[in-house]
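Colleague: I have a few questions about this model before I use it at the bench. Can we go through them one at a time?

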Amino acid sequence: MRMTMQQLEADLSAEFGGPAIGAWPRNKGERLKPHKGGGGGDPGAESRRQEAERQARIKAATEEINAIFNNQVKKTRMVEDTSPQAMVGRIFRGGGNQEPRMVAQEYWEAGDPANSRDKLYADQKTAVYDLNKREVDRQASEAERLNRFGLARTGLLGGSVNVDSVADLDRRTNEGLMRAGGIADQAAADLKTQDERTRSNLISLAQSGIDTGTAAQQALKGLEVNSANAASARAGATVGGLFNDLSQAYLINQQNQGRQSGTQYGGQWYGVSSPAKTYQGTN
């Protein structure tokens with residue numbers, strides 16, 4: 001970046017005060033020119049300097065926090081020093097034709113995707129879904145086994161009651177899988193929300209002027225705590241009871257209806273007599 005002389009004069013006056021920039025020598029061998037103004041300096045320069053330092057600390061701490069949450073790593077590169085002090089040094093060392101002074105500049109770049117929070121959110125969703133899906137599968141398998149045995153005991157295996165009860169089990173299994181997906185989505189969303197809440201709190205803390213080291217330490221600690229809390233969502237399935245003997249109650253109800261229908265059908269076929277009744281004779 002190149003600076004105009006007007007910009008340089010303004011920066012130097014704000015930085016150092018003293019004689020006006022017009023009194024300074026511009027060429028090698030010249031001396032300070034008298035009667036060119038200046039003298040007392042700028043009484044507001046110190047307060048502006050302090051405010052600029054405070055804003056720089058806030059900016060640095062905020063960048064540190066955001067970089068950690070965004071999975072960025074700090075790098076260093078060499079760039080030209082364009083500070084007012086460097087520009088003055090070049091003038092006194094023989095003018096602006098000298099090679100510029102190089103200084104180290106820190107910058108951020110994307111880190112390893114494997115360490116990103118987005119990957120953690122995806123992993124959280126997958127882990128919670130798999131956990132609850134296994135519970136859905138377990139309950140469905142147990143309900144199907146009980147249903148099959150119940151149908152076999154009552155002689156309804158392979159009939160319409162069998163078809164209806166299996167359809168009921170499939171429907172509830174699919175509802176359970178949908179519930180597992182919703183729980184997984186919510187677990188990932190909760191973790192992301194907690195991360196953003198932690199980031200916001202730390203940025204508010206940065207406004208107080210904490211240094212970058214403290215900001216980085218607090219950000220890493222916040223992410224670690226959030227990850228530990230998220231692990232509790234993977235400790236046990238929360239899909240709940242999907243069948244709760246409903247299939248058995250449904251089966252018993254169908255069996256009773258089947259018996260009742262069979263009795264009515266027998267009465268219609270045999271007229272006034274029913275094979276479910278026995279003849280007791282007369283006196």
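Colleague: How much area does the protein chain expose, and what percentage of it do carbon and sulfur atoms supply?

Modeller: This is a predicted model, in which local features need pLDDT of at least 70, side-chain atom pairs count only at pLDDT 80 or more, and totals for chains, interfaces and linings use all residues. Residues are numbered from 1 along each chain as its sequence is written, and side-chain values use heavy atoms, with hydrogens and water left out. Accessible areas come from the Shrake-Rupley method with a 1.4 Å probe, and for residues only the protein chains shown count as cover. The exposed area is about 18,400 Å², and the carbon and sulfur share is 52%.

Colleague: In what order do the elements of the protein chain run from the N terminus?

Modeller: Helices (H or I, at least four residues) and strands (E, at least two) are DSSP runs, numbered from the N terminus. The chain has seven helices and two strands. Their order is α-α-β-α-β-α-α-α-α.

Colleague: Is Glu64 buried or exposed?

Modeller: Buried means under 20% relative accessible area, exposed over 50%, and partly exposed in between (1.4 Å probe, protein chains only). Glu64 sits in helix H2, residues 45-69. Its relative accessible area is 10%, so Glu64 is buried.

Colleague: Which residues does Glu64 touch, not counting those up to four places away in sequence?

Modeller: Contact means heavy atoms within 4.5 Å. With residues up to four places away not counted, the partners of Glu64 are Lys74, Trp108, Thr212, Ala215 and Ala216.

Colleague: What is the phi of Asn71?

Modeller: Asn71 lies in the loop between H2 and strand E1 (72-80). With a relative accessible area of 14%, Asn71 is buried. Although Asn71 is not a glycine, its phi is positive, at about 60 degrees.

Colleague: What separates the C-alpha atoms of Val79 and Glu106?

Modeller: Val79 belongs to strand E1 and is partly exposed, at a relative accessible area of 23%. Leaving aside neighbours within four places in sequence, Val79 is in contact with Arg101, Met102, Val103 and Gln105. Val79 and Glu106 are 27 residues apart along the chain, and their C-alpha atoms are separated by 9.9 Å.

Colleague: How far apart are the end C-alpha atoms of helix H4?

Modeller: The expected span of a helix is 1.5 Å times one less than its number of residues. Helix H4 (residues 117-153) has 37 residues, so it should span 54 Å. The end C-alpha atoms agree with that, at 54 Å.
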